[in-house]
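Biologist: Could you walk me through how to read the disulfides in a model like this one?

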Amino acid sequence: MRGTADLSFPLDAYQATTEQQTTLAQAQGVLTSRCMARLGFTYRAPEQPATSASGSNARVFGLVDQDMAARYGYLNPETANAPVRAVTESLSEAEQLALNGEDDLDPADAPANLEEAEKTGGSDVTFNGERVPVGGCVRESYLKLYARKANEVDILFVFNLKSEAQSRARADSRVRAVDKRWSSCMSKAGYKLTEPANAVKELGLTESNLSSSRAVAAAKADVACKQQVDFVQVRYAVTTTYQHRLIEENTQALSMAKEQLESRLLLAAELT
């Protein structure tokens, strides 16, 4: 096991895919535009960037692809070449207020879910005879899609579980051992590095020279050492184990998260 582009993890089943995330973002844009229209403004949400050609887990363990290392060094071409959303028009002060709500709004005063927002009825600011939602149309569209009821599972819940599994894996003796073997391999190649995750920093590379000849040489050695010590296989096995444990510990919440994701995707499909 050397690559990560096609890897899948147990917790992936409870989280939106890259394509689904794009659909959800488009749906939120539709809801935002409808809210703005209700307040008397014509608003078009920014277009979403094209979906990444690589799998969502392509860099889950950092740089592991030898071809990418040889071509780009430590530079991630998909991140570096991501299209910048063009600002087609500047919004007036009134449009900004309708879109984002009042600048001095305390986040603690913003409704936590749609039910709560509907009870309050909106802010004291009105346009077109309609009250601006607390937090503006962006907040309203978010609540309509991601937090419709008080018992909704937080949309970051699965992400946080994945992060916890990664943290547990990094502290695991098997991962620490493979990192040590990688460090020894890199030392033989002429690089005094201690942590695979900190290679760029330890090499003293910056954003401007991630694909320099020096960076490419180091990246090629980096990936070769990872392959030699079975870096991906060990990381994947250990991380997967911890994800399974977290799934067992959070069965009910994850079941709810999956149901809510499916419901959210059905709404998004209708909107887009």
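Biologist: Which residue does a disulfide join to Cys185?

Modeller: The general idea is simple: a disulfide is a pair of cysteine sulfur atoms within 2.5 Å. Here one such bond joins Cys185 to Cys225, with an S to S distance of 2.1 Å. Bear in mind that this is a predicted model, where local features need pLDDT of at least 70, side-chain atom pairs count only at pLDDT 80 or more, and totals for chains, interfaces and linings use all residues. Residues are numbered from 1 along each chain as its sequence is written, and side-chain values use heavy atoms, with hydrogens and water left out.

Biologist: Why is the disulfide of Cys185 and Cys225 called left-handed?

Modeller: The torsion about its S-S bond is about -80 degrees, so the disulfide is left-handed. Cys185 lies in helix α8 (residues 173–188) and Cys225 in helix α10 (residues 213–228), so the pair ties together parts that are 40 residues apart in sequence. Helices (H or I, at least four residues) are DSSP runs, numbered from the N terminus.

Biologist: Are Cys185 and Cys225 buried or exposed?

Modeller: Buried means under 20% relative accessible area and exposed over 50%, with partly exposed in between (1.4 Å probe, protein chains only). Both Cys185 and Cys225 are buried.

Biologist: How many disulfides does the count come to?

Modeller: The count comes to two. A disulfide also joins Cys35 to Cys137, S to S 2.1 Å. This pair links distant parts of the chain, 102 residues apart: Cys35 in helix α1 (residues 18–38) and Cys137 in helix α6 (residues 136–146). Cys35 is buried at 1% relative accessible area, and Cys137 is buried at 0%.

How values were computed
Helix = DSSP H or I, 4+ residues; strand = E, 2+ residues; numbered from the N terminus.
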